Amino acid sequence: MLNIENLHVSVDDKPILKGINLKVNSGEIHAIMGPNGSGKSTLSHVLSGKSGYTVTQGQVTYEGKDLTGMAPEIRAREGVFLAFQYPVEIPGVSNIYLLKAALNSIRKHQGLSEVDAMDFLTLIKEKVRLLEMDEKFLYRAVNEGFSGGEKKRNEILQMAVLEPKLCILDETDSGLDIDALKVVAEGVNSIRSPERSFVMITHYQRLLDYIKPDFVHVLAHGQIVKSGGPELALELEEKGYSWVENKQAA
Ligand code: ADP
Ligand code: MG
Ligand code: MG
């Protein structure tokens, strides 16, 4: 589904990612961890199509197509969900309106007609129930005055409604409490499926207590220095990142 080959990325001519290789198959959850400054956010920004990141070598393909050449909205229509797609507050635009517009944009791309208003209501209410959310949430302006946990919950709702094939999540350390982490985890677990893959870039080992990844990768100095199964996260918790970083130096 996703194939990252020898990816080198620079920001302002400064090399940040130095040869990332990663293959994600259908249904897999890959966690990317690593110390501060290792390049985790850079990787998520490149996958999201944020400007200012230059691919200097290598390539990223999604379902065989060049991902880095696609505009962010095209990525979305092709089934890639980027957690930071709608991070902004949009006063006056309700959540339910935005979700419907986003879903219709994807349907249009797939050659489908606009979703019927009643069908959409049924669909969204089902998702809201699944995620144990309050329906009132749907009618609030997008992200306006949302708490950290509510923003996360909303992100998960977007995922549940848009049904992407590949979800890229970057869990930055910006004020996520344990409850918000659980929201993310339960949401991801509830939409996990053999047809859907996740790349979870996480600053928190604790998140992986709630979501069991198939693979864990450690990023250090712009390279994946170690890959393993879920047990690697536990080992890191015990021994810290210096353990793998030193390994690379040795
Ligand atoms: P992480 O998310 O793992 O903490 P980042 O991807 O944010 O790491 O940063 C990786 C490295 O790239 C750091 O050394 C950081 O200082 C540098 N970096 C990130 N963004 C920029 C930028 N816009 N300009 C210059 N250096 C940057
Ligand atoms: Mg950082
Ligand atoms: Mg970061």
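Start your tour at helix 1, which gives the most to the shell around ligand 1, with 3 residues. Keep in mind as you go that this is a predicted model.

**Stop 1: ligand 1 and its shell**

Select helix 1 (40-48) together with strand 2 (14-24): each of these two elements supplies at least two residues of the shell around ligand 1. Now display the whole shell as sticks. You should find Val 11, Asp 12, Lys 14, Ile 16, Gly 34, Asn 36, Gly 37, Ser 38, Gly 39, Lys 40, Ser 41 and Thr 42 surrounding ligand 1. Try coloring them by class: 7 are polar, 3 are charged and 2 are nonpolar.

**Stop 2: the hairpin of strand 1 and strand 2**

Which residue takes a positive phi in the hairpin of strand 1 and strand 2? Zoom in on Asp 12, whose phi is near 50°; the hairpin has 2 residues between its strands. Asp 12 is also one of the residues around ligand 1. Follow the two strands away from there, and you will see them pair in the antiparallel sense over 8 bridges. For one facing pair, pick Ser 10 and look opposite, where Pro 15 sits in strand 2.

**Stop 3: the sheet of 4 strands**

Widen the selection to the open sheet with the order 2-1-4-5, whose pairing is antiparallel. Its edges are strand 2 and strand 5 (65-66), each of which pairs on one side only. Helix 1 comes back into view here: it packs on this sheet and touches strand 1, strand 2 and strand 4, with its direction at about 70° to that of strand 2.

Next, step through the other pairs of the sheet. Strand 1 and strand 4 run antiparallel and are joined by 7 bridges; click Val 9 to find Val 55 of strand 4 opposite. How many bridges pair strand 4 (residues 54-62) with strand 5? The count is 2, again in the antiparallel sense. Here Tyr 62 stands opposite Lys 65 of strand 5.

**Stop 4: the sheet of 6 strands**

Now select the open sheet with the order 6-9-10-3-11-12, where the pairing is mixed. At its edges are strand 6 (80-82) and strand 12 (223-228), each pairing on one side only. Look along the sheet to see its twist, which averages 20° from one strand to the next.

Do strand 6 and strand 9 (residues 166-171) run parallel or antiparallel, and what joins them? They run parallel, joined by 3 bridges. Select Leu 82 and you will find Ile 168 of strand 9 opposite. Helix 1 appears at this sheet as well, lying across strand 3 (29-33), strand 6, strand 9, strand 10 (197-202) and strand 11 (215-220), and it runs at about 145° to strand 9.

**Stop 5: a pair of helices**

Select helix 5 (residues 148-162) and helix 6 (residues 178-191). They pack at an angle of about 10°, and their axes are 8 Å apart. Because of that angle, helix 5 is roughly parallel to helix 6. Show the side chains at the contact, including Ile 156 and Met 159 of helix 5 and Val 183 and Val 184 of helix 6. By class, this contact has 7 nonpolar, 3 polar and 3 charged residues.

**Last stop: color by confidence**

Finally, color the chain by pLDDT. The average is 87, and 93% of the residues score at least 70. Which elements have the lowest and the highest mean? Helix 9 (residues 242-249) is lowest at 70, while strand 1 (residues 2-11) is highest at 98. Where pLDDT is low, the predicted coordinates should not be read in detail. For the complex, the predictor gives an ipTM of 0.93 and a pTM of 0.88.

Key. Residues numbered from 1 in each chain as written. Chains lettered and ligands numbered in written order. Predicted model: local features only at pLDDT ≥ 70, side-chain atom pairs only at ≥ 80, totals over all residues. Near = placed C-beta within 6 Å. Nonpolar A, V, L, I, M, F, W, Y, C, P; charged D, E, K, R; others polar. pLDDT = per-residue confidence, 0-100. Axes fitted to C-alpha atoms, helices over the stretch in contact; angles between N-to-C directions. Parallel < 35°, antiparallel > 145°, perpendicular 65-115°, else oblique. Contact = placed C-beta atoms within 7 Å. Pairing = 2+ DSSP bridges.
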